[in-house]
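Here are my notes on this model, set down as numbered points for someone who is meeting it for the first time. Please keep the sequence and the structure in view while reading.

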Amino acid sequence: MQGKVASKQNNSRMCIVCGIENQLGIDARFYNLENNEVVAIFTPKEEHQSYPGRMHGGLSAAILDETIGRGLKNLEPGNWAVTIELTTKYRKPVPLGVELKAVGRITNIKHRLVEGTGEIYLPNGEVAVTAEAKYIKMSAQKITDCDFAADEWMLLENENDPQTIEIPECSEA
C-alpha cells in the first residue's frame, strides 16, 4: 500500500529516538500520512545492538513508543502523548544496517487517555515487532521546564523526504 505523506514531523535535539545531536541515537525521521498514521524511517547502527547483528529489543520498543505517540500530533497538534503503558511482541529479529519502517496510529481517545498500535516492518514487508500503547495527553509546559518548541524541537526538511511511503499490509498486528 502506498501512503501519501501529508507532512513531516519535527525532530528534537537530544532524544534517543529522533535527536539530531545525539551521536548514539536512532536518528528516526517521522512522516504524517494522509490517513493519520505516522511512519518512522530509521537505520539501526552497531551502537543499537543486543546480539550481534540485531537491534536491542528495548530500542525496538522505544521507536514504536515514539511512533505511536506521535500519532496524537496529527489529531491534536497542541498535545503530547506521555507513555503510561507499552506492550510489545517480538516476532522476528530486527537487523542492523538496513533501512526500516515503523508505523503507528492512534486507535482511541477518551478525554486524556490515548491508545494506539504500531509495527516495525522488515525490508521484505514482514512484521518484526508489534506494540500496543496507552498515553496521557499533556502540554509541553507540564512535561518540561525548558521552552521545548524554541530550544529542542525543530523541523528538518530535506530534498530527499518522500512524497509517498510504501507500507506493507499488516495482518499480524
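1. Strands β6 and β7 run antiparallel and are joined by nine bridges, and this in a model that is predicted. Within the pairing, I106 has G116 in β7 as its bridge partner. The two strands make a hairpin with two residues between them, and H111, which sits in the turn, has a positive phi of about 55°.

2. On to the next pairing along the chain: β7 and β8 are likewise antiparallel, with nine bridges between them, and I120 stands opposite V129 in β8. The hairpin of β7 and β8 has five residues between the strands, and there G125 takes a positive phi near 95°. As for β7 itself, seven of its nine residues are buried, so this strand is largely enclosed by the rest of the structure.

3. These hairpins belong to a wider arrangement, an open sheet of eight strands whose order is β5-β8-β7-β6-β4-β3-β1-β10, with antiparallel pairing. In general, the strands of a sheet pair through backbone hydrogen bonds, and the pairing may be parallel or antiparallel. The edges of this sheet are β5 and β10, each of which pairs on one side only. On average, and with direction ignored, neighbouring strands are turned by 35° against each other. Where β10 meets the sheet, three bridges join it to β1, and the two run antiparallel; there, G3 stands opposite I165 in β10.

4. The helix α1 packs on the sheet, where it touches β3, β4, β5, β6, β7 and β8, and its direction makes about 50° with that of β8. A check on its length is reassuring to read: at 1.5 Å a residue the 13 residues of α1 should span 18 Å, and the end C-alpha atoms are 18 Å apart, which agrees. The buried residues of α1 include L59, I63, L64 and I68, and E66 and T67 are also among them.

5. What lies in the interior? The largest nonpolar core has 27 residues, of which F30, F42 and I63 touch the most other members. The elements that give two or more residues to this core are β4 (38-42), α1 (57-69), β6 (100-110), β7 (113-121) and β8 (127-138), and β8 gives the most, with five residues. Apart from this core lies another one, of 10 residues, among them V5, Y31, Y121 and V127. As a general matter, nonpolar side chains in soluble globular proteins tend to be buried together.

6. F30 deserves a look of its own. Leaving aside its neighbours within four places in sequence, F30 is in contact with residues that include V17, C18, V38, V39, A40 and I63, and also with K8, E66 and R70.

7. The structure holds eight salt bridges. In one of them D161 pairs with K8, the closest N and O atoms being 3.0 Å apart; because D161 lies in the loop between β9 (153-154) and β10 (164-166) while K8 is in strand β1 (residues 2-8), the pair ties together parts that are 153 residues apart in sequence. Both D161 and K8 are buried.

8. A further salt bridge brings together the side chains of E37 and R105 (2.8 Å, N to O). E37 is in the loop between β3 (29-33) and β4, and R105 is in strand β6, so that distant parts of the chain, 68 residues apart, are linked. E37 is buried, with a relative accessible area of 12%, and R105 also counts as buried, at 18% relative accessibility. Salt bridges that share partners join E37, R105 and E119 into one network.

9. Which residue does R13 pair with in a salt bridge? The partner is E21, and the closest N and O atoms are 3.4 Å apart. R13 is partly exposed, with a relative accessible area of 29%, and E21 counts as partly exposed at 42% relative accessibility.

10. Last, a residue in an edge strand: T87 has its place in β5 (residues 80-90) and is partly exposed, with a relative accessible area of 40%. Neighbours within four places in sequence aside, T87 is in contact with T130, A131 and E132. The C-alpha atoms of T87 and T117, residues that are 30 apart along the chain, are separated by 9.5 Å.

Note on methods:
Residues are numbered from 1 along each chain as its sequence is written. This is a predicted model: local features need pLDDT of at least 70, side-chain atom pairs count only at pLDDT 80 or more; totals for chains, interfaces and linings use all residues. Side-chain values use heavy atoms; hydrogens and water are left out. Helices (H or I, at least four residues) and strands (E, at least two) are DSSP runs, numbered from the N terminus. Buried means under 20% relative accessible area, exposed over 50%, partly exposed in between (1.4 Å probe, protein chains only). Contact means heavy atoms within 4.5 Å. A nonpolar core is a set of buried Ala, Val, Leu, Ile, Met, Phe, Trp, Tyr and Cys residues joined through side-chain atoms within 4.5 Å. A salt bridge is a side-chain nitrogen of Lys or Arg within 4 Å of a carboxyl oxygen of Asp or Glu. The expected span of a helix is 1.5 Å times one less than its number of residues. Two strands pair if DSSP finds at least two bridges between them. Axes are lines fitted to C-alpha atoms, for helices over the stretch in contact, and angles run from 0 to 180 degrees between N-to-C directions.
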